[in-house]
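The report below goes through selected features of a single chain, moving from charged pairs to individual residues and then to one helix. Please read it with the sequence and the coordinates at hand.

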Amino acid sequence: MRLVTEDDAGRLDDQQFAQWLAGRAGEALTALRDRQGFADPRALKDAGDRASHELMTAALARWRPADAVLSEEEADSRRAWADGERAPRHDADRVWIIDPLDGTREFSEAGRDDWAVHVALWQRSAAPDGALVAGAVGMPARTTVDGDQLILGTTCPTPKPADGPIRIAVSRSRPPAFVGELVELLGAQAVPMGSAGVKVCAVVTGEVDAYVHAGGQYEWDSAAPVAVALGAGMHASRIDGSPLRYNRADPRLPDLLVCRPELADQLLDAIARTGVEMPASTVTDTPGGAFG
């Protein structure tokens, strides 16, 4: 994207705006990381979450004031709203779903580049259950051939299939137990990575063939990466093949399959054969981090 100033942002369409916002947050996070250093990882994580959230919500309030926002860093972001209770996003036609810093652990470790910024736009009127209509994943510690930070949008080309075993992206710190069984069942290769956004984008870029997760995620963990993956022609669903739905009363969306489309049936069948149960879709108000 061409260089866009703060005053130009209001003239961007939604997809361009998502990419611009991911880039602005990425620049701020990179500067914070360089300035603060890695001596106190917890302080760096907290500062990164706060700085990116404040930048993004301020930009959305300025340039998209009529839209609602669901951010991981909001005080009630993990709340499962009961019948009769409403948050502003429940009645909005347009909701920005953002994860200001996906992969805080990786962000706080020197030398790691597998962390990301997520920006997605969900629109109620786009489909009977609403739909993601724009999305961007910024990976600020990774760069393009021109030296710009890497930002993937919804126009990525579909990568060519690779020879050899299926490569499955898995969490490097807390992989779900069933994924090991799945890898063995398929004769696949596990590829450890950091944030959820980075793992989904690895499918989009052809670094891996699939990402499978179950056991704990929220809407902001997958909304932007799924928008990017769908734009590239990838399959994206829950692990039983049912649709991923966003802007629900309960923001927990605990399982995910993103893969090359020709592998979807094979992977869904193998997942079912592992006997893994669909995670419950309820969540309490207990605070907790994003899961990757």
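Asp 14 is partly exposed in this predicted model, its relative accessible area being 21%. The side chain of Asp 14 meets that of Arg 64 in a salt bridge with an N to O distance of 3.2 Å. Because Asp 14 lies in helix H1 whereas Arg 64 belongs to the loop between helix H2 (41–63) and strand E1 (68–71), this pair ties together parts that are 50 residues apart in sequence. Arg 64 itself counts as buried, at 10% relative accessibility, so that the bridge joins a partly exposed acid to a buried base.

Asp 14 also forms a salt bridge with Arg 94, and here the closest N and O atoms are 2.9 Å apart. This second pair links distant parts of the chain, with Asp 14 in helix H1 and Arg 94 in strand E2 (residues 94–102), 80 residues apart. Side chains of opposite charge can pair when their charged atoms come close.

Another salt bridge is found between the side chains of Asp 114 and Arg 112, with an N to O distance of 2.8 Å. In this pair Asp 114 counts as buried, at 5% relative accessibility, while Arg 112 is partly exposed, with a relative accessible area of 25%. As for shared partners, salt bridges join Asp 14, Arg 64, Asp 67 and Arg 94 into one network. The whole structure contains 15 salt bridges according to the search, and the three described above are set out here.

| Acidic residue | Basic residue | N to O distance |
|---|---|---|
| Asp 14 | Arg 64 | 3.2 Å |
| Asp 14 | Arg 94 | 2.9 Å |
| Asp 114 | Arg 112 | 2.8 Å |

Helix H1 (residues 14–36) also holds Gln 15, which is buried, with a relative accessible area of 15%. The side chain of Gln 15 is joined to that of Thr 154 by a polar contact of 3.2 Å. Once residues up to four places away in sequence are set aside, Gln 15 touches Ala 134, Gly 135, Gly 153 and Thr 154.

Two further buried residues can be described in a similar way. Ala 169 is placed in strand E6 (residues 167–171) and counts as buried, at 0% relative accessibility. Leaving aside neighbours within four places in sequence, Ala 169 is in contact with Val 191, Met 193, Lys 199, Val 208, Ala 210, Tyr 211 and Val 212. For one of these partners, Ala 210, the C-alpha atom is separated from that of Ala 169 by 6.2 Å, although the two residues are 41 residues apart along the chain.

His 90 has its place in helix H3 (residues 88–91) and is buried, with a relative accessible area of 9%. Apart from neighbours within four places in sequence, the residues in contact with His 90 are Trp 81, Glu 85, Arg 124, Asn 247, Arg 248 and Ala 249. The C-alpha atoms of His 90 and Leu 44, which are 46 residues apart along the chain, are separated by 33 Å.

Helix H7 (residues 219–231) has 13 residues and reaches 18 Å from its first C-alpha to its last, which is close to the 18 Å expected at 1.5 Å a residue. At Pro 225 the helix H7 bends by about 25 degrees. Because 11 of the 13 residues of H7 are buried, this helix is largely enclosed by the rest of the structure; among the buried residues are Glu 219, Trp 220 and Asp 221, as well as Pro 225. Just after H7, Gly 233 takes a positive phi of about 85 degrees.

A last point concerns confidence in the model. The chain averages a pLDDT of 91, and 94% of the residues score at least 70. Over residues 282–292, however, the pLDDT is below 50, and this stretch has 35 contacts in the model beyond near neighbours in sequence.

Technical notes: Residues are numbered from 1 along each chain as its sequence is written. Side-chain values use heavy atoms; hydrogens and water are left out. Helices (H or I, at least four residues) and strands (E, at least two) are DSSP runs, numbered from the N terminus. Buried means under 20% relative accessible area, exposed over 50%, partly exposed in between (1.4 Å probe, protein chains only). A polar contact is a pair of N or O atoms within 3.5 Å; within protein, one must be able to donate a hydrogen and the other to accept it, and residues adjacent in sequence count only if both atoms are side-chain atoms. Contact means heavy atoms within 4.5 Å. The expected span of a helix is 1.5 Å times one less than its number of residues. The bend at a residue is the angle between axes fitted to the seven residues ending there and the seven starting there. A salt bridge is a side-chain nitrogen of Lys or Arg within 4 Å of a carboxyl oxygen of Asp or Glu. pLDDT is the predictor's confidence in each residue, from 0 to 100.
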